[in-house]
Number of protein chains: 4
Amino acid sequence: MSHSVAFLGLGAIGAPMAARLAAAGHALTIWNRTAGRASASEAAAGGARVAPSATAAIAAADVVITCLPESRDVAALLDETALDAFRAGSILVDCTSGDPATSRVIAQRLAARDVAFVDAPVSGGVVGAVAGTLTVMVGGESAHLERVRPILEAFAGKIVHCGAIGAGHALKAVNNALLALHVWSTAEALATAQAAGVDPAITLDVINASSGRSNASMNLFPERVLTGAFPRTFRLALLDKDARIAAGIARDAALPAPTLQLAADLMAVAHRELGEEADHVEAVRVVERWMRTELRG
Amino acid sequence: MSHSVAFLGLGAIGAPMAARLAAAGHALTIWNRTAGRASASEAAAGGARVAPSATAAIAAADVVITCLPESRDVAALLDETALDAFRAGSILVDCTSGDPATSRVIAQRLAARDVAFVDAPVSGGVVGAVAGTLTVMVGGESAHLERVRPILEAFAGKIVHCGAIGAGHALKAVNNALLALHVWSTAEALATAQAAGVDPAITLDVINASSGRSNASMNLFPERVLTGAFPRTFRLALLDKDARIAAGIARDAALPAPTLQLAADLMAVAHRELGEEADHVEAVRVVERWMRTELRG
Amino acid sequence: MSHSVAFLGLGAIGAPMAARLAAAGHALTIWNRTAGRASASEAAAGGARVAPSATAAIAAADVVITCLPESRDVAALLDETALDAFRAGSILVDCTSGDPATSRVIAQRLAARDVAFVDAPVSGGVVGAVAGTLTVMVGGESAHLERVRPILEAFAGKIVHCGAIGAGHALKAVNNALLALHVWSTAEALATAQAAGVDPAITLDVINASSGRSNASMNLFPERVLTGAFPRTFRLALLDKDARIAAGIARDAALPAPTLQLAADLMAVAHRELGEEADHVEAVRVVERWMRTELRG
Amino acid sequence: MSHSVAFLGLGAIGAPMAARLAAAGHALTIWNRTAGRASASEAAAGGARVAPSATAAIAAADVVITCLPESRDVAALLDETALDAFRAGSILVDCTSGDPATSRVIAQRLAARDVAFVDAPVSGGVVGAVAGTLTVMVGGESAHLERVRPILEAFAGKIVHCGAIGAGHALKAVNNALLALHVWSTAEALATAQAAGVDPAITLDVINASSGRSNASMNLFPERVLTGAFPRTFRLALLDKDARIAAGIARDAALPAPTLQLAADLMAVAHRELGEEADHVEAVRVVERWMRTELRG
């Protein structure tokens with residue numbers, strides 16, 4: 001079965017995802033709030049049609065994919081006009097790293113118009129999107145996932161059915177909350193050992209051969225912190241949002257999750273201190289400032 | 001140069017370390033508080049002499065190695081009689097996972113008797129001790145480390161000079177504080193996603209292919225938590241102590257380290273709730289109790 | 001102007017509030033989930049009519065007052081049948097210690113039926129309810145507050161207009177989160193000083209003459225903790241809920257509030273450990289257990 | 001019995017304490033690191049002799065009183081020369097807000113020279129020092145306290161024997177840790193309610209009539225925060241130090257005290273962000289910055 005697909009939101013991750021959909025031969029319509037990004041995109045070069053509005057893109061598709069900063073952006077996009085534009089029997093695949101509560105509200109509104117919904121946030125970064133090796137975490141009905149699986153395969157290396165609507169968002173959020181916590185805690189550990197006279201490079205080397213290691217310590221600190229490089233690959237503002245979603249799920253479920261709550265608060269502080277453009281690993285700079293040191297080596 | 005070596009403390013890690021020293025042909029005297037453990041040890045079988053007292057063992061050696069639960073045990077062992085038993089020009093190698101402040105006091109007392117000191121905690125567990133692949137983290141003077149390096153090589157796969165006295169203890173402590181935090185935070189993450197409908201096995205699988213992974217999530221949770229096996233390999237009481245040391249270093253140095261402080265408090269609570277014999281991974285049981293769930297799958 | 005008033009929820013606080021409304025001469029209809037509590041109530045003895053159902057009570061009144069454990073109880077009560085029973089032009093005064101988000105949803109549903117809403121949680125306890133000296137924190141339109149002010153005055157000593165819908169709930173929640181935090185932190189302080197050799201009664205006496213004092217230290221600890229009396233006046237389960245609401249407001253607003261988050265998590269743990277019937281001050285028992293002491297004197 | 005008294009450390013609190021000792025007719029010798037402060041002091045005007053060195057002051061007295069920023073300042077003052085200057089049978093009364101561990105070391109050194117020690121930190125601020133109404137928290141032997149009680153009465157309104165050496169310091173530290181926590185948590189509460197639409201002045205007014213009130217909310221916030229006055233009466237750097245002492249006592253005693261630990265970390269951060277001269281209530285400015293608001297009204 002051939003689908004017509006709409007892709008809304010050509011950000012750092014969305015743009016290469018759309019490019020892969022175009023390259024896979026899907027009939028693709030794209031839209032982006034800043035229209036210039038759509039017409040200049042690799043997807044457009046690859047044959048995607050640029051829609052003049054989100055509503056026009058939605059109206060043209062059986063499968064609508066959104067990839068926006070937050071769930072509230074998705075909700076804001078789906079005003080009455082946009083909701084009315086969905087074809088009956090179509091499906092919204094929300095690749096936003098969003099929150100389960102908002103997704104459940106969106107899904108209800110769509111269901112009233114006979115439109116299905118799955119949340120489908122991705123991990124793997126820009127590199128994974130370009131390579132088509134993203135992990136896609138899907139929340140929603142299995143039948144809905146199966147309908148869109150061939151489309152997701154254009155950019156997915158792994159597709160995981162996580163549970164009901166919102167389950168994909170929840171899983172993405174807790175993974176990123178752990179990332180946030182590990183970045184911060186590793187910085188605290190290096191600075192604390194440094195206060196006892198240990199060079200950060202030595203501490204990191206030993207941790208990475210021992211039980212305290214994490215993706216943060218093995219991949220982010222050697223390349224980005226000790227070098228002082230701090231490349232901007234994933235915005236702290238987005239990691240702050242993800243950690244907040246994870247902490248919010250625990251809070252709303254009346255679950256005591258003190259480490260996730262602390263991670264969320266520390267990310268909120270770092271985001272406030274470092275601004276909108278800072279990379280997520282730059283949260284380490286706040287630890288450095290508070291501890292009056294630099295973790296280079 | 002041939003050394004006479006004394007090894008004090010034949011616990012879970014100490015016993016195989018001593019066995020390797022005996023096997024390497026060092027003139028070895030061993031002692032353990034519970035004397036039966038010494039005479040029944042593999043080291044004794046391998047030729048080590050069992051001393052009737054710690055003082056006798058100390059008096060017989062150029063190199064004294066201690067491997068006790070805490071620094072205060074080392075300090076308690078080194079009463080005036082024991083201190084007087086050290087040979088002038090000898091060295092104490094403290095393999096205890098101890099704390100820098102106590103080690104500095106011990107080192108001062110020994111220096112007044114012309115005895116050198118290095119702290120040399122190890123990582124790698126019982127498996128590493130048996131295989132002789134432990135990582136040894138050494139704090140103290142380089143010259144002192146070089147004197148004992150041939151002896152350490154009997155059980156070490158890697159020897160790292162970390163800095164001045166206490167630096168080895170500090171590095172071991174912060175590594176273990178990270179381990180403690182990651183065990184706890186991964187449990188919170190699995191339980192929070194579970195509250196949003198995601199099976200813990202799925203969450204763990206995705207995290208382990210993504211940015212939130214750690215040694216805890218990759219090695220401990222699949223084999224020990226999801227299976228419910230919880231083997232007893234490293235006591236929670238000791239991890240509690242290590243996390244407390246790391247948090248104490250930060251506190252004494254006036255460094256704000258909120259994630260290390262929280263890790264230490266959560267370990268203290270878990271230790272209190274689960275008792276002296278619980279394994280460190282069983283801290284997860286406290287998260288499970290507070291969140292009214294079990295993380296099996 | 002004379003109002004007909006319905007009062008739904010005759011719990012520990014609700015019952016004396018209703019009794020005061022009856023005594024003040026309002027035409028009062030009462031309802032309680034457990035019907036026996038309504039017919040046996042002081043309000044009924046004072047002339048209130050006992051309604052056979054919530055819907056019947058709602059249908060009989062211009063002013064409907066709810067006083068339930070949580071906002072979700074209010075939302076659950078207001079099913080379609082109950083919503084349809086409201087008289088056009090009537091008003092719901094929700095004295096529940098609820099949460100702003102749920103109240104805003106409830107208010108929207110009522111507004112669609114031309115029914116006004118104010119949130120109006122109270123403080124002052126059972127004593128204040130009996131004496132008619134409660135502080136009432138009102139969120140909603142001023143005009144709506146003025147309509148019901150004469151009715152609130154039956155049990156209020158002080159009526160405070162806090163802001164828009166939900167503002168009353170928010171203020172009640174943050175006050176109670178502070179109470180929760182202060183109960184816990186005072187226990188930690190007494191136990192920590194005790195570890196340094198200070199009798200809890202001495203610590204409390206000095207704190208209460210100094211800058212660390214709070215309502216918790218001045219009123220709750222002398223009478224309830226040091227005596228071991230722990231009377232049951234306000235359930236920990238409810239304080240847990242209030243602290244969770246406060247922490248949730250901060251989280252949803254992306255505000256880093258680490259002390260409120262920690263207070264909420266500690267209350268959740270204490271609630272889990274001590275059960276549904278424990279008094280809020282009994283949270284101290286968890287601190288005592290973790291610190292292996294008793295704060296008596 | 002008439003005593004000769006030395007007073008070392010004429011800071012904000014020490015200066016009026018010394019002045020009261022002079023006015024009470026004690027034979028008083030004073031010393032201050034910045035000598036000009038001593039000669040220009042009210043105590044000097046009242047008849048106190050200005051010593052040329054700490055050692056000279058110590059040598060001249062039966063009772064030596066220290067009032068310095070931290071215990072390490074006291075320890076640094078008491079070098080070998082100064083220790084040798086103490087008269088046998090004399091006593092050191094340390095009014096510093098110090099830490100128990102350092103005080104125990106100091107006491108040991110003094111005991112070896114037949115000099116007694118009591119820790120005797122004070123609360124009540126400059127106002128209390130001028131008025132002679134300070135609360136003095138004494139750790140040490142009862143007999144030692146009785147020896148110096150007539151001298152303490154020159155500036156004390158209340159003298160409390162807290163326990164053994166260090167008990168006074170511990171009590172002072174936990175009181176101030178509570179103060180620190182309550183300042184911060186009240187700011188979080190006001191900002192959180194503000195996010196739900198409640199004016200900070202209204203929130204504060206209701207809290208102060210309700211169960212969440214504290215010395216911070218009743219005395220500090222109305223006069224200093226809502227007005228924006230932030231007078232400099234007690235340095236944040238000192239409150240940071242006190243909170244760190246309290247948290248350190250708990251940590252060293254292996255007691256989980258998460259709220260005290262968090263208070264200490266937040267004070268360390270605020271101290272780092274606001275500098276050495278900031279007043280303790282200015283910690284609220286950090287909450288305001290993180291929450292992007294101002295708590296005025």
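Let's start with chain C against chain A. In this predicted model, chain C and chain A bury about 1100 Å² between them. Of that area, 59% lies on carbon and sulfur atoms. Which residues of chain C matter for that area? Arg244(C), Arg251(C) and Asp265(C) supply 52% of what chain C buries against chain A. That is more than any other three residues.

Now the contacts. On the chain C side, 14 residues touch 14 residues of chain A. Two salt bridges cross this interface. One pairs Arg251(A) with Asp265(C), with the closest N and O atoms 3.0 Å apart. Polar contacts come to six residue pairs, both partners at pLDDT 80 or more.

Where do the chain C residues sit? Helices α13 (236–252) and α14 (258–274) of chain C each supply at least two residues of the side that touches chain A. α14(C) gives the most, with six residues. By class, this side of chain C has nine nonpolar, two polar and three charged residues.

Next, chain A against chain B. Here the two chains bury about 4700 Å² between them. Carbon and sulfur atoms carry 68% of it. The contact count is 58 residues of chain A with 58 residues of chain B.

How many salt bridges are there between chain A and chain B? The count is two. Take Asp205(A) with Lys158(B): the closest N and O atoms are 3.2 Å apart. Polar contacts run to 18 residue pairs across this interface, again with both residues at pLDDT 80 or more.

Several elements of chain A each give at least two residues to the side that touches chain B. Among them are the strands β8 (134–139) and β9 (156–163), and the helices α10 (167–195) and α11 (200–207). α12 (215–225), α13 (236–252) and α14 (258–274) are in that set as well. Which element gives the most? α10(A) does, with 19 residues. Sorted by class, the side of chain A that touches chain B has 34 nonpolar, 19 polar and five charged residues.

Last, the symmetry. Chain A can be laid on chain B with an RMSD of 0.0 Å. The operation is a turn of 180°, with a shift of 0.0 Å along the axis. That is the relation of a two-fold axis. In chain A, the C-alpha nearest that axis belongs to Ser214(A), at 1.8 Å.

And the surfaces match. Of the interface residues of chain A, 100% are also interface residues in chain B, so the copies meet through the same surface.

Definitions and conventions:
Residues numbered from 1 in each chain as written. Chains lettered and ligands numbered in written order. Predicted model: local features only at pLDDT ≥ 70, side-chain atom pairs only at ≥ 80, totals over all residues. Heavy atoms only, no water. Least-squares fit on C-alpha atoms with pLDDT ≥ 70 in both. Contact = heavy atoms within 4.5 Å. Buried area = accessible area lost by both parts, 1.4 Å probe. Salt bridge = Lys/Arg side-chain N within 4 Å of Asp/Glu carboxyl O. Polar contact = N/O pair within 3.5 Å; in protein donor to acceptor, adjacent residues only side chain to side chain. Helix = DSSP H or I, 4+ residues; strand = E, 2+ residues; numbered from the N terminus. Nonpolar A, V, L, I, M, F, W, Y, C, P; charged D, E, K, R; others polar.
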